[in-house]
Amino acid sequence: MSNESRSRKVLAIVAVLIAGGALTFLAMGGIGENLVYYWSPSELKEAGEGARGATVRLGGLVAPGSIERGDDGLALRFAVTDGTETVAVTASTVPPAMFREGIGVVLEGELAGDGTFHTERLMVKHDNEYRAPEEEDGRSMEDLVKSLQLENG
Amino acid sequence: MIERLKWHHFVGLLGLAIVVAGTWIGLFVAPAERHMGDVMRIMYVHVPSAWSALLCFTFVFVAAVASLWTSRKRWDAYMTGGIEVGCVLTALLLVQGSIWARATWGVWWDWDVRLTTSLVMLLLFCGVLALRSFIEEANRRATWSAIAAIVAFVDVPLVYFCVRWWRSLHQIQSSPETVNSAMVLPLRLNAVAFLLIAIWMIAIRARIELARLQAEDAPEPEPLAIEER
């Protein structure tokens, strides 16, 4: 066996070990705890004053019966819930067509002094359910909260 | 004619036939989605693009290790074919996803973990191709592009698992339980078809690359002797 082909085999082993180590670190290293894509209403309330004044993402379900549209068609008020805590939201943006009660949303915005969350970027978080029009959605609020995958880091 | 048709052409033609059937069923037979309507039908190409791109890059990882282990040009050529086809599929994936996102989420893009890792996957493997084109000497090029491909592969399992490990805007993987049964068939057909077409493309591309690598090694042809009178 030539020196060159032996050193190439060593490089193969080293490269695979580095790749495996990097992947293990990313999977187990608790990166998720420092890098949270959005906060749930409970986490936002828990952060309290610490959340004020900074741009954060709030994720949750649009609480049933909470959607109010202003007369001018622009002002939009609703509440976001994770089944435990609820945060009142004012949005100054046109929501996507999918926006409705009980759907997941991720909102980018700020928590105001009066405890309402103001957003200008409203994103609908669709879950992995795909159904035909005639199918009933028999899922309870708990099932819908589960679909938010809040237990993920 | 028949002896000219190599096995990979049969694979490719079968893939093309299935993608026509799968797409037709997806567009005209399967129902529209309850809330998303017709735009959800983009799933029948989006999900197969994702699956086949991830499988392409998994094959690239295997080919890169085999290339380093055996020092055979064939594996270097397969690796290159796999990266190129995987990059095309990932680019398609990002464009389809962006269109679907605008219609359902309301935004073209967000720095969500699934979207970010997918974009990083495209950039990393484009980087491997760029590195490849910078190295002149064949052995060094095979060695370093294989090492780069193995390191780039780290991102591939992240693309798949990130939505299960971390919070994201992107939904987690569907299963037959979360998808209407009439939608499962076109999804499966197109997944198989995309995979067959990807295999076809990789086989064609690897043959071209292997011929190029062998031509590099061939001695310079003797200049034609010009008879002097």
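Two strands count as paired here if DSSP finds at least two bridges between them. The model is predicted, and the tour starts in chain A.

Select residues 76-81 of chain A, strand E3, and then residues 86-91, strand E4. E3(A) and E4(A) run antiparallel to each other and pair over 6 bridges. To find the register, pick A:Thr81: opposite this residue, in E4(A), is A:Thr86.

Next, show the link between the two strands. E3(A) and E4(A) make a hairpin, with 4 residues between them. In the turn, select A:Gly83, whose phi is positive, at about 90°.

Stay on E4(A) and display its side chains. In a regular strand, side chains alternate between the two faces of the sheet. Which residues of E4(A) point to the face where they are buried? They are A:Val87, A:Val89 and A:Ala91. A:Thr86, A:Ala88 and A:Thr90 point to the other face and are not buried.

Now add residues 117-125 of chain A, strand E6. E6(A) pairs with E4(A) in the parallel sense, over 3 bridges. Centre on A:Ala91, one of the buried residues of E4(A); its bridge partner in E6(A) is A:Thr119.

Finally, bring in chain B. Contacts between the chains involve 38 residues of chain A and 41 residues of chain B. On the chain A side, select helix H1 (3-28) and E6, the elements that give two or more residues to this side. H1(A) gives the most, with 13 residues. Colour the chain A side by residue class: 23 of its residues are nonpolar, 8 polar and 7 charged.

Note on methods: Residues are numbered from 1 along each chain as its sequence is written. Chains are lettered from A and ligands numbered from 1 in the order in which they are written. This is a predicted model: local features need pLDDT of at least 70, side-chain atom pairs count only at pLDDT 80 or more; totals for chains, interfaces and linings use all residues. A residue is buried if 20 or more other C-beta atoms lie within 10 Å of its own, exposed if 12 or fewer, and partly exposed in between; C-beta atoms are placed from the backbone. Two residues are in contact if their C-beta atoms, placed from the backbone, lie within 7 Å. Ala, Val, Leu, Ile, Met, Phe, Trp, Tyr, Cys and Pro count as nonpolar, Asp, Glu, Lys and Arg as charged, and the others, Gly among them, as polar.
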